[in-house]
Amino acid sequence: MIYKPTTVREAVALRAEHPDDTVYLAGGTDDLRLGSEAAGKDLIDINGLVSDKIEEKDGKLVIGALCTLQDLVDSPLVPAFLKDAAKFCASFEKRNAATVGGNLALRRDDSYLAAAMCAAEATLLLATAEGEKERPVAEFLKCGCTPVIEAVILDPARTGWVKRFGNTAASHAALIAAQSGGVCALTVHGSGLAVGSSPDIWETLEYQDDLTGGADYKKYLAKIVFEQGR
Ligand SMILES: Cc1cc2nc3c(=O)[nH]c(=O)nc-3n(C[C@H](O)[C@H](O)[C@H](O)COP(=O)(O)OP(=O)(O)OC[C@H]3O[C@@H](n4cnc5c(N)ncnc54)[C@H](O)[C@@H]3O)c2cc1C
């Protein structure tokens, strides 16, 4: 079943009412794929309820959650290293449908955007049952909460870099590291997210052997990536 709420508030209320049986529907690239965790669940369509625009407001860059990864690449307003992160999604077809909100909401440890957004100290405008809240991306990624992400907000002048290590452009990333304005952020497959002001953040994670590579390999990459930098 697909719910068609007419306001974001209604969408959040539906999700709260059926926490185990619903997911939000944005671009649908994950919800509608075979083997998705959304399989068998009802969809709450948020298309039309949340912005799909990228604009500057009061000196901040506001990226509507329904913007696609390709919208980031195409926008003249988006910092270069965030475009690089969006381009980690190698398939144009997927990049053109997958939304920024959907990518962050999945809280994947090989997320295209998570490390770069955390390094950029981006915040999320969230619609919750208690009203609108703004929270750092890193805080959202570590909680299990299910608000609607309405927008990503960051400093448009931010510069930095992001690097991805994976067997191929289309396979799961072993590791994605980013740095901006003195903030380091790291996502490691099987290990999660680390964010901090020191390049030593790699020490806080526990590394796993898995299909993306051995634990020692990933630990080595995580250690040297901030030393090598750009
Ligand atoms: C073959 C394949 C390979 C992939 N590989 C990678 C990869 O290596 N790295 C990576 O990062 N991603 C990967 N993805 C995932 C892809 O990035 C996501 O499918 C996409 O970003 C999700 O965006 P969407 O708009 O399509 O979300 P949807 O499929 O519409 O939704 C996905 C989930 O996000 C939630 N959601 C969506 N929008 C919001 C919102 N605004 N607020 C709150 N929750 C929301 C929904 O509840 C839903 O559970 C892959 C996907 C596929 C199909």
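## Strand 8, the ligand shell and the helices of a predicted model

A151 is found in strand 8, where helices (H or I, at least four residues) and strands (E, at least two) are DSSP runs numbered from the N terminus. This is a predicted model, in which local features need pLDDT of at least 70 and side-chain atom pairs count only at pLDDT 80 or more, while totals for chains, interfaces and linings use all residues. Residues are numbered from 1 along each chain as its sequence is written.

A151 counts as buried because 26 C-beta neighbours lie inside 10 Å; a residue is buried if 20 or more other C-beta atoms lie within 10 Å of its own, exposed if 12 or fewer, and partly exposed in between, with C-beta atoms placed from the backbone. Apart from neighbours within four places in sequence, A151 is in contact with S51, V62, I63, G64, A65 and L125, contact being taken as C-beta atoms, placed from the backbone, within 7 Å of each other. A151 and D216 are 65 residues apart in sequence and 37 Å apart in space, C-alpha to C-alpha.

E150 also has its place in strand 8, and its contacts, again leaving aside neighbours within four places in sequence, are V8, V50, S51, A65, L125, L126 and A127. From E150 to L69 the distance is 15 Å in space, C-alpha to C-alpha, and 81 residues in sequence.

The burial of E150 can be set beside that of two residues with positive phi, R107 and E121, neither of which is a glycine. The phi of R107 is about 50°, and that of E121 is near 55°.

| Residue | Location | C-beta neighbours within 10 Å | Class |
|---|---|---|---|
| E150 | strand 8 | 22 | buried |
| R107 | loop between helix 5 and helix 6 (114-119) | 15 | partly exposed |
| E121 | loop between helix 6 and strand 6 | 19 | partly exposed |

Around the ligand there are 31 residues, and the closest are G27, T99, G101, G102 and A105; a residue is near a molecule or strand if its C-beta atom, placed from the backbone, lies within 6 Å of it. Strand 2 (22-25), helix 5 (100-105) and strand 8 (148-154) are the elements that give two or more residues to this shell, and helix 5 gives the most, with 4 residues. By residue type the shell divides into 17 nonpolar, 9 polar and 5 charged, where Ala, Val, Leu, Ile, Met, Phe, Trp, Tyr, Cys and Pro count as nonpolar, Asp, Glu, Lys and Arg as charged, and the others, Gly among them, as polar.

In helix 1 (residues 8-17) the buried residues are A11, V12 and R15. Seen down the axis of helix 1, these buried residues fall within an arc of 95°, so they line one face of the helix; the arc is that of the directions from the helix axis to the C-beta atoms. They pack against strand 2, strand 3 (42-45), strand 6 (123-128) and strand 8.

Helix 8 (residues 215-228) has 14 residues and reaches 20 Å from its first C-alpha to its last, close to the 20 Å expected at 1.5 Å a residue, the expected span being 1.5 Å times one less than the number of residues. Its buried residues are K218, L221, A222 and V225, and what covers them includes strand 9 (160-166), strand 10 (173-180) and strand 11 (183-188).

The largest nonpolar core has 72 residues, of which A115, A116, M117, C118 and L186 touch the most other members; such a core is a set of buried Ala, Val, Leu, Ile, Met, Phe, Trp, Tyr and Cys residues joined through C-beta atoms within 7 Å. Not counting residues up to four places away in sequence, M117 touches L104, A122, V137 and V152. In soluble globular proteins, nonpolar side chains tend to be buried together.

Conventions:
Two residues are in contact if their C-beta atoms, placed from the backbone, lie within 7 Å.
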